Every structure is written in C-alpha cells, then in structure tokens.
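Got your viewer open? Load the model, turn on a cartoon view, and keep the selection box handy for a short walk along the chain.

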Amino acid sequence: MKSSLSNPYNNRQWRKLRLSHLQSNPLCYYCLPNKITEATQVDHCIPWTDENDLMYEEDNLLSTCARCHQWITGKQRGMDFKGMSFDEAKVYKKTFIWQEVGEDGYY
Ligand SMILES: [Zn+2]
C-alpha cells in the first residue's frame, strides 16, 4: 500500500524500523573504525526505489551520522548497485567515502 503523504519517511512503519535499527546499531558505520561517531540517521545500503521495494528491508539499513549520510547521498546517484548484495553495497560505499575524503578528511 502506498502512502499518500509526499514524504515517504513520514510514516509510523519507517519511524519504528529506523528507531529500532539505531538502537541496535548506535554507531556510524562509515566512520568506523577510524572514528566513533554516534549514528543519528539511517542510510539504505542500496538506494530504494518504488520498483525495488528496499525501503523497509532491514538488511538494507545502515546507521550513519548526519555528515556521512549527507555526503554519500549526494554522491551515490551515479553509482551502479546492480547485482550487489547489501553487504557489498555497504563496503562499496564505505570504500568510496574513504577514498574520496580520506580517513580524517572531512571532520
Ligand atoms: Zn559518519
């Protein structure tokens, strides 16, 4: 069932899932192990679309800090995730961040 709200994140199912994910994964995945940063947001390893239905897939979720999330969200549009598992996508994005900004580059 599709929500009629314009913001797809503004619904109870997402808020609940997001909160429980942050509670079990309180640290930013992209910052580790260089930095211990509290995660405040949840990224999708593989960007969800209406077709792939990955928004609520728990294995597709990743705790991040606001900074990493904003950074990777801006960059991942040109990335091709076809055929990747969730774990591969995670590592791919983390490697990309580290290569682009360096280990300490953006704090
Ligand atoms: Zn981070």
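Where does Y9 lie relative to α1? Select Y9 and you land in the segment before α1. Before going further, some housekeeping: this is a predicted model, in which local features need pLDDT of at least 70 and side-chain atom pairs count only at pLDDT 80 or more, while totals for chains, interfaces and linings use all residues. Residues are numbered from 1 along each chain as its sequence is written.

**Stop one: the start of the chain**

With Y9 still selected, show its surroundings: Y9 is exposed, with 11 other C-beta atoms within 10 Å. (Buried means 20 or more other C-beta atoms within 10 Å of the residue's own, exposed means 12 or fewer, and partly exposed is in between; C-beta atoms are placed from the backbone.) Now add M55, 46 residues away along the chain, and draw a C-alpha to C-alpha distance to Y9: 9.3 Å.

Next pick P8, also in the segment before α1. P8 has 12 C-beta neighbours inside 10 Å and counts as exposed. P8 and M55 are 47 residues apart along the chain, with their C-alpha atoms separated by 9.4 Å.

Then click N11, in the segment before α1 as well. N11 counts as exposed, with 12 C-beta neighbours inside 10 Å. From the C-alpha of N11 to that of D50, 39 residues along the chain, the distance is 16 Å.

**Stop two: helix α1**

Select residues 12–24, which form α1. Helices here are DSSP runs of H or I of at least four residues, strands are runs of E of at least two, and both are numbered from the N terminus. The 13 residues of α1 should span 18 Å at 1.5 Å a residue, and its end C-alpha atoms are indeed 18 Å apart. (The expected span is 1.5 Å times one less than the number of residues.) How many of the 13 residues of α1 are buried? Zero, so α1 lies largely in the open.

**Stop three: two backbone oddities**

Zoom in on L32 and P33: a cis peptide bond joins them, with omega about -5 degrees. P33 sits in the loop between α1 and β1 (41–44). Then jump to D53, in the loop between β1 and β2 (61–64). Phi of D53 is near 60 degrees, positive in a residue other than glycine. As background, most residues other than glycine have a negative phi, and most peptide bonds are trans. D53 counts as exposed, with 10 C-beta neighbours inside 10 Å.

**Stop four: the core**

Show C28, Y30, C31, A39, C65, C68, I72 and I97 as spheres: these eight residues make up the largest nonpolar core. (Such a core is a set of buried Ala, Val, Leu, Ile, Met, Phe, Trp, Tyr and Cys residues joined through C-beta atoms within 7 Å.) Centre on C31 and, leaving aside neighbours within four places in sequence, you'll find it in contact with T37, C65 and C68. Contact means that the C-beta atoms of two residues, placed from the backbone, lie within 7 Å.

**Stop five: α2 and α3**

Colour α2 (residues 66–75) and α3 (residues 86–101): their axes come within 11 Å and cross at roughly 100 degrees. The axes are lines fitted to C-alpha atoms over the stretch in contact, with angles from 0 to 180 degrees between N-to-C directions. The two helices are therefore roughly perpendicular, a term for angles of 65 to 115 degrees. Which residues meet here? On the α2 side, C68, W71, I72 and K75; on the α3 side, K93, F96 and I97.

Now go to K82, in the loop between α2 and α3. K82 is exposed, with 6 other C-beta atoms within 10 Å. Add I46: 36 residues apart in sequence, K82 and I46 are 9.2 Å apart, C-alpha to C-alpha.

Run along α3 itself: its 16 residues reach 23 Å from first C-alpha to last, close to the 22 Å expected. Just after α3, G102 takes a positive phi of about 80 degrees.

**Last stop: zoom out**

Clear the selection and take in the chain, with its three helices and two strands, running α-β-β-α-α from the N terminus. Its C-alpha trace spans about 40 × 30 × 20 Å along the principal axes. Of its 107 residues, 17% count as buried.

Methods
The expected span of a helix is 1.5 Å times one less than its number of residues. Angles under 35 degrees count as roughly parallel, over 145 as roughly antiparallel, 65 to 115 as roughly perpendicular and the rest as oblique.
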